[in-house]
Amino acid sequence: MRSMEKPPYTMRVPRKSTPDYYLDQVLPILFRRKVVQLTKFDYRLANNLDEDLQKLRCRVNYHALRFTKPIRELGQRLVMKIRSMANRFIAVHLRFEPDMLAFSGCYYGGGEKERYELGEIRKRWTTLPDLSPEGERKRGKCPLTPHEVGLMLRALGFGNDTYLYIASGEIYGGEETLRPLRELFPNFYTKEMLASEELKPFLPFSSRLAAVDYIVCDESDVFVTNNNGNMAKILAGRRRYVGHKRTIRPNAKKLNALFMSRDTMSWNTFSRKVISCQKGFMGEPEEMKPGRGDYYEFPYSCVCKKPFKYFNNESSTARDHDLGYAGENEDDRRENIGIGGDGPISLLTETEEEDILLD
């Protein structure tokens with residue numbers, strides 16, 4: 001057996017490679033070297049594959065791949081801490097870190113200080129084009145501010161007694177930026193607040209911190225994504241796969257106009273318009289259609305074709321105190337993709353190489 005102390009052979013696979021590339025280029029090296037480490041995690045396999053390969057992709061994504069034991073245990077402890085305070089909670093993948101804002105090319109009203117700071121960070125990517133911040137926001141390409149996320153959730157009917165878990169790194173603007181969201185939702189928690197001591201061994205590793213957030217977001221009753229990045233897509237797809245657990249994706253293009261004019265309308269009017277804007281962005285089963293978007297976000301080949309048991313729009317709103325809704329059961333899903341009854345298969349050993357990069 002090959003010793004894991006020796007670094008594995010490393011190769012970089014082109015973006016969205018076909019299965020033939022793996023058979024012709026990767027498999028011979030794997031046979032010869034026994035272990036191959038593929039650099040770059042995202043989009044190394046083509047989106048459109050034969051249905052059997054798509055189902056195999058689901059077996060790998062949702063059953064075989066697992067985080068290391070310390071990451072899994074810490075993530076579950078955080079979930080248990082939140083559950084001890086509230087039966088249900090919302091997880092928000094805020095994505096309002098400086099690098100995200102710099103990459104987006106958006107502007108949030110911070111004057112020359114913001115323009116300079118984000119401009120310096122943006123220089124890391126030499127191929128990025130010059131963008132119009134106003135144009136990007138109108139196109140729905142800018143992450144919502146924490147305040148806007150809070151306003152959207154309150155407009156959708158979530159009360160100020162709702163528990164929020166914020167999955168995020170360093171927020172641009174710090175506590176000052178987060179204050180409006182905290183005021184809208186006082187029951188506000190982060191991994192740092194729930195596990196300050198337990199988190200210390202993970203602090204030097206951003207990918208492991210993201211993995212802890214991933215676990216809590218996956219276990220939440222409602223998941224809110226604030227961008228369309230890798231982690232958001234993978235979580236959205238997984239939540240569809242396990243029964244269409246509620247996932248809210250802001251319709252930023254339409255919401256932008258509402259936020260700009262919200263002071264000119266009553267709260268009831270604003271709320272009604274937000275609900276209208278969000279139709280088709282609330283994680284309903286009918287949003288998933290063959291060929292739509294990335295397969296990570298819409299794993300249509302792996303979801304049973306029989307009718308889902310889920311609540312309609314009226315009964316599943318937060319106003320009726322239902323944060324999530326059900327789909328088919330686990331046995332149905334396992335049968336649909338050809339998995340037996342022996343539980344998930346682990347293709348990984350619990351070594352340092354197992355640590356999965358999400359975003």
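1. His 244 is buried, its relative accessible area being 1%. This is a predicted model, and the residue sits in a loop, the one that joins α11 (230-241) to β7 (246-248). The backbone at His 244 has a phi near 55°, which is a positive value in a residue other than glycine. A reader checking the backbone may wish to look at this loop between α11 and β7.

2. Arg 95 also has a positive phi, near 50°, and is likewise a residue other than glycine. Its loop runs between β3 (90-93) and α4 (98-104). With a relative accessible area of 14%, Arg 95 counts as buried, because the cut-off for that class is under 20%.

3. On confidence, the protein chain has a mean pLDDT of 83, and 83% of its residues reach 70 or more. The exception to note is the stretch 307-359, where pLDDT stays under 50. The model nevertheless has 131 contacts beyond four places in sequence for residues 307-359. Those contacts should be read together with the pLDDT of under 50 over that stretch.

4. Glu 148 belongs to helix α7, which spans residues 146-155. Is this glutamate, Glu 148, buried or exposed? Glu 148 is buried, at a relative accessible area of 10%. Once neighbours within four places in sequence are set aside, Glu 148 is in contact with Arg 137 and Phe 259.

5. Helix α7 packs with helix α8 (residues 174-184) at an angle of about 20°, and the two axes are 7 Å apart. The pair is therefore roughly parallel, since angles under 35 degrees fall in that class. The crossing of α7 and α8 is left-handed.

6. What does each helix bring to the contact between α7 and α8? From α7 come Pro 146, His 147, Gly 150, Leu 151 and Arg 154. On the α8 side they meet Thr 177, Leu 178, Pro 180, Leu 181 and Leu 184. Sorted by class, the contact of α7 with α8 holds six nonpolar, three polar and one charged residues.

7. Two points for the reader to keep in view are the positive phi of the buried His 244 and that of the buried Arg 95. A third is the stretch 307-359, with its pLDDT under 50.

Notes:
Residues are numbered from 1 along each chain as its sequence is written. This is a predicted model: local features need pLDDT of at least 70, side-chain atom pairs count only at pLDDT 80 or more; totals for chains, interfaces and linings use all residues. Side-chain values use heavy atoms; hydrogens and water are left out. Helices (H or I, at least four residues) and strands (E, at least two) are DSSP runs, numbered from the N terminus. Buried means under 20% relative accessible area, exposed over 50%, partly exposed in between (1.4 Å probe, protein chains only). pLDDT is the predictor's confidence in each residue, from 0 to 100. Contact means heavy atoms within 4.5 Å. Axes are lines fitted to C-alpha atoms, for helices over the stretch in contact, and angles run from 0 to 180 degrees between N-to-C directions. Angles under 35 degrees count as roughly parallel, over 145 as roughly antiparallel, 65 to 115 as roughly perpendicular and the rest as oblique. A crossing is left-handed if the near helix is turned anticlockwise from the far one by less than a right angle, and right-handed if clockwise. Ala, Val, Leu, Ile, Met, Phe, Trp, Tyr, Cys and Pro count as nonpolar, Asp, Glu, Lys and Arg as charged, and the others, Gly among them, as polar.
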